[in-house]
Protein chains: 2
Amino acid sequence: MPKVTIAQNILAVNEHVAQEIRQALMARGVRALNIMSSPGAGKTTLLERSIERLRGRLAIGVIEGDVETSADAERIEAAGAQTVQINTRGACHLEAHMIRDALAHIDLTATDLLVIENVGNLVCPAAWDLGEDARVVVVSATEGDDKPAKYPQMFAIAQVMVVNKLDLLPYVDYDVQKVRRHALAINPNLRIFELSCRTGEGLEAWCDWLITFARGA
Amino acid sequence: MPKVTIAQNILAVNEHVAQEIRQALMARGVRALNIMSSPGAGKTTLLERSIERLRGRLAIGVIEGDVETSADAERIEAAGAQTVQINTRGACHLEAHMIRDALAHIDLTATDLLVIENVGNLVCPAAWDLGEDARVVVVSATEGDDKPAKYPQMFAIAQVMVVNKLDLLPYVDYDVQKVRRHALAINPNLRIFELSCRTGEGLEAWCDWLITFARGA
């Protein structure tokens, strides 16, 4: 089965580059998060709100992964963070070598926390180590409460789950307790934040955690 | 570049199987749709509502593609359609050989229209021909109006775009005209339906089109 062998080799090369990134970031005292979700769950908005709230308290550098466009990087830059855009030109996930190249454009001495916003996709990004210290999966109250059950790998490899768009709960059939229950059945150690980027509800606890995480706790 | 060669071979084999499926369906007078979207845009609910409304008028057979679980197939079966579940066990898209195997479990003589619900993913499924006659991309009013610009390939290969969850427009920042404009810039021939599966708004025009499409028009 040459297909499987080659796929394993590609992942092994990726793992090697990811370890190099992890060591380089550790040497600079920079902690890194890899944020993943479906398209439109609110990763970029969550980052915008976090950067604004943490201004002066935490220097966040962002690597924006998108299939096309630099619209998200422009939003993040406007919010006040150092930003590098990666366009995958059709590829469905980020790989470690893309992060290595992007890091050359970020001043790590002026960075406390590196956030990598992955391509919007609940499947493929879960397989690719980017050298991060923790993985965050964002789900939203409008995308159905069956997502942990239907995409278990993403929830198995994450350390943190954010449930976003709580402000829309009155208008949709979404059972937050069911999402928590299914996600924790897959991954009992998952840390869970429930919030709304629109109203600000829950953002303080999330930002406090970002500060704690960036300090290495 | 062995990686590229092998990828091309895999796609060429897929194309060959897809053509076999297309010919087999044509011989039985069955037309086929491949429905794609982000996770949670509402593909399954759209199918449920369509099957209920078209009962007695159009015999719909459904192939349900999911990474895990048979929850969607159970919903579709309860709505009254012949259903086969494919679980990809980690794979991010359906491939033609999966459809060929699934078709062995569908009575095509009792089917007017075959609907294939792909894995929730706006990237990878766009590259895989499943032997369908047309491709439908579903977007929803809660996932941001930048999706055509950010995932152009999906909109380039689709013949139809459905904008779902119109009932939530009062509560989100979503510019339907911008979505139409960006999608049509990528694909000027795209047929567009705007609807809400929750209120039923727009479902009649969509169901009328399904009947016309199933008749080969």
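This briefing describes a strand, several salt bridges and the cavities of the structure shown above. The model is predicted. In chain A, strand 4 is largely enclosed by the rest of the structure, because five of its five residues are buried. Across all chains, a search of the whole structure finds 28 salt bridges. The search for cavities of 30 Å³ or more finds two.

**Strand 4 of chain A**

- Strand 4 of chain A covers residues 113-117, and five of the five are buried.
- The side chains of this strand point in two directions: A:Leu113, A:Val115 and A:Glu117 one way, and A:Leu114 and A:Ile116 the other way.
- Residues pointing either way from strand 4 of chain A are all buried.
- Strand 1 of chain A, residues 31-37, pairs with strand 4 of chain A in the parallel sense, over five bridges.
- Within strand 4 of chain A, A:Leu114 stands opposite A:Ala32.
- Strand 2 of chain A, residues 60-66, also runs parallel to strand 4 of chain A and is joined to it by five bridges.
- A:Ile116 in strand 4 of chain A is the bridge partner of A:Ile63.

**Salt bridges within chain A**

- Side chains of opposite charge can pair when their charged atoms come close.
- A:Asp145 and A:Lys178 form a salt bridge in which the closest N and O atoms are 3.1 Å apart.
- This pair links distant parts of the chain, with the two positions 33 residues apart in numbering: A:Asp145 lies in the loop between strand 5 (134-140) and helix 5 (147-150) of chain A, and A:Lys178 lies in helix 7 (residues 176-186) of chain A.
- A:Asp145 counts as buried because its relative accessibility of 13% is under 20%.
- A:Lys178, at 24% relative accessibility, counts as partly exposed.
- Another salt bridge joins the side chains of A:Glu48 and A:Arg49, at 4.0 Å from N to O.
- A:Glu48 is buried, with a relative accessible area of 11%, whereas A:Arg49 is partly exposed at 24% relative accessibility.

**A salt bridge between chains, and a network**

- A:Asp173 forms a salt bridge with B:Arg198, and their closest N and O atoms are 3.3 Å apart.
- The pair joins two chains, because A:Asp173 lies in the loop between strand 6 (160-164) and helix 7 of chain A and B:Arg198 lies in the loop between strand 7 (191-194) and helix 8 (203-214) of chain B.
- A:Asp173 is exposed, with a relative accessible area of 63%, while B:Arg198 counts as partly exposed at 48% relative accessibility.
- One network of salt bridges that share partners is made up of A:Glu48, A:Arg49, A:Glu52, A:Asp66, A:Asp72, A:Arg75 and B:Lys150.

**Cavities**

- The largest cavity has a volume of about 60 Å³.
- Its lining consists of 15 residues, and those nearest the centre of the largest cavity are A:Pro39, A:Thr142, A:Glu143, B:Pro39 and B:Glu143.
- The lining of the largest cavity divides into four nonpolar, seven polar and four charged residues.
- The second largest cavity holds about 30 Å³ of space.
- B:Ile35, B:Leu47, B:Ile60, B:Leu113, B:Val115, B:Trp206 and B:Leu210 form the lining of the second largest cavity.
- Strand 4 (113-117) and helix 8 of chain B are the elements that give two or more residues to the lining of the second largest cavity.
- Seven nonpolar residues, no polar and no charged residues make up the lining of the second largest cavity.

Definitions and conventions
Residues numbered from 1 in each chain as written. Chains lettered and ligands numbered in written order. Predicted model: local features only at pLDDT ≥ 70, side-chain atom pairs only at ≥ 80, totals over all residues. Heavy atoms only, no water. Buried < 20%, exposed > 50% of the residue type's maximum accessible area, 1.4 Å probe, protein only. Helix = DSSP H or I, 4+ residues; strand = E, 2+ residues; numbered from the N terminus. Pairing = 2+ DSSP bridges. 1 Å grid on protein atoms, 1.4 Å probe; cavity = no way out; pocket = protein on both sides within 12 Å on 5 of 7 lines; lining within 4 Å. Points joined across faces, edges and corners; volume = space filled by probe spheres on them. Nonpolar A, V, L, I, M, F, W, Y, C, P; charged D, E, K, R; others polar.
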